[in-house]
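Let's take a walk through this structure, stopping at a few backbone oddities, a couple of helices and the ligand site. Keep the viewer open as you read.

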Amino acid sequence: MPVVEVEGLVLPKLFENNRPMAEHIECIRALELNDNDVLLCAYPKAGTHWMWEVGCMLLAGRPDYDKRTKENVMMEAIEVEKLQALPSPRLLNTHLYPSMLPRDVKNKKVKVIHVYRNVKDVMVSAYFHMNQMLEDSKSTVAEMDKTFLDEKCIGGNYFIYMKKMAEFRKENPEVPVFNVSYEDMKEDPTGTVRRLAEFLGVPTSPELCVQIAEACSFQNMKIADDTKQTPEWFERIPIPKVKFYRKGEVGDWKNHLTVAQSERLDAAVKELDGLDYHFRYTL
Ligand code: A3P
């Protein structure tokens, strides 16, 4: 897959639209935000789409957000002119490093959501995702952790990303960050919706939280995805529609990883000790 590297982050070239990626990232940094905008940061496969839907419904104050006409707003893949034109409150999601976020995140009262997920399920999810896209060079399960642990893997390296997000929180204590795990969302979807509503400061009710959690269940999002408009940037991918809703479980890694692979990840994840993450590998 053709890639482009910017400031150490390797991205698929297909994200590039009307300007080179390095220039696009400069435009993202300069993007003017409003106080009520929200940034959603997540390493790929951590549950970005799920949280984006939940967040959009909360900002809209209703669970029937029309999934068929809204496309997931991923900053690195969309022309900055389109990002600028979106009405606030915007929920802008990204897998970019925090150093590439709009500078306004520190100047305005913008809130940040960071969704993270245990590395083993992320790796398995990424493996299936990438294999949908890599027609000629599909990797095997045996190879997947080698690719995944590479510092220059496509989409960025999990451990580097997680460290950078922790640094961002530490260095910018004034920026409100809702740090939540995929496993928390899975264990208590309604409670997570309620906590997120409190964090965002949006009006809600117990019924609305239940309704949003239900509207964003894996099954409902998978069904909705079949009727959803394909994001414009996906049309640049010369393969059938990429599926984002695969299994949606905690612990699927047990069905795919060898003991040795799992142990390699256990060792690697120690690098993240003390960074205020609470990883869970089963529920
Ligand atoms: P799996 O491949 O393990 O199924 P992202 O949106 O960051 O690309 O993450 C995709 C992962 O989140 C996929 O994981 C997908 O199935 C899962 N996912 C998407 N919506 C979900 C939901 N409503 N509930 C649980 N998991 C969900």
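D276 counts as exposed, since there are 10 C-beta neighbours inside 10 Å, and the cut-off for that label is 12 or fewer. You'll find D276 in the segment after α12. What makes D276 worth a click is its backbone: phi is positive, about 70°, although the residue is not a glycine. Most residues other than glycine have a negative phi. Bear in mind that all of this is read off a predicted model.

E7 has a positive phi as well, about 50°, and E7 is not a glycine either. It sits in the loop between β1 (3-6) and β2 (9-12). With 10 C-beta neighbours inside 10 Å, E7 also counts as exposed.

One more backbone feature to look up is a peptide bond. Most peptide bonds are trans. The one from S88 to P89, however, is cis, with omega near 0°. P89 belongs to the loop between α3 (80-85) and β4 (91-94).

Step back into α3 and you reach Q84. Q84 is exposed, because it has 11 other C-beta atoms within 10 Å. Its C-alpha lies 9.8 Å from that of I28, although the two are 56 residues apart in sequence. That takes us over to α1.

Which residues of α1 are buried? In this helix (residues 21-30), they are H24, I25 and I28. They cover an arc of only 100° around the axis, so they sit on the same side of α1. The spacing makes sense in general terms: an α-helix has 3.6 residues a turn, so residues three or four places apart point the same way. On the other side of α1, A22 and A30 are exposed. The cover over the buried residues of α1 includes β1 and α3.

The same kind of reading works for α6 (residues 141-149). Here M144, D145 and F148 are buried. Looking down the axis of α6, you'd see these buried residues fall within an arc of 90°, so they line one face of the helix. The face turned away from that buried side carries the exposed residues A142, E143 and K146. What covers the buried residues of α6 includes α5, α7 (158-171) and α12 (259-269).

Of those covering elements, α5 (residues 119-133) deserves a closer look: its axis and that of α6 come within 10 Å and cross at roughly 110°. Angles of 65 to 115 degrees count as roughly perpendicular, and α5 and α6 are therefore roughly perpendicular to each other. On the α5 side of the contact are M123, A126 and Y127, which meet V141, M144, D145 and F148 in α6. By type, the residues of this contact divide into six nonpolar, no polar and one charged. M144, D145 and F148 thus turn up twice, in the contact with α5 and among the buried residues of α6.

Now go to the loop between β5 (111-116) and α5, which is where N118 sits. Is N118 buried or exposed? With 22 C-beta neighbours inside 10 Å, N118 counts as buried, given that the threshold is 20 or more. Leaving aside neighbours within four places in sequence, N118 is in contact with E183, F279, R280 and Y281. The C-alpha atoms of N118 and A46 are separated by 8.1 Å, while the two residues are 72 residues apart along the chain.

A second buried spot is L200, in helix α9 (residues 189-200). L200 has 20 C-beta neighbours inside 10 Å, so it counts as buried. Not counting residues up to four places away in sequence, L200 touches V38, L58 and K111. L200 and P176 are 24 residues apart in sequence, and their C-alpha atoms are 9.5 Å apart in space.

Finally, the ligand. How many residues surround it? There are 21, and the closest are T48, H49, S125, R246 and G248. The elements giving two or more residues to this shell are α2 (48-60), α5 and α11 (218-227). So α5, which meets α6, also contributes to the shell around the ligand. The residues of the shell divide into ten nonpolar, six polar and five charged.

How values were computed: Residues numbered from 1 in each chain as written. Predicted model: local features only at pLDDT ≥ 70, side-chain atom pairs only at ≥ 80, totals over all residues. Axes fitted to C-alpha atoms, helices over the stretch in contact; angles between N-to-C directions. Helix = DSSP H or I, 4+ residues; strand = E, 2+ residues; numbered from the N terminus. Parallel < 35°, antiparallel > 145°, perpendicular 65-115°, else oblique. Contact = placed C-beta atoms within 7 Å. Nonpolar A, V, L, I, M, F, W, Y, C, P; charged D, E, K, R; others polar. Arc of directions from axis to C-beta. Near = placed C-beta within 6 Å.
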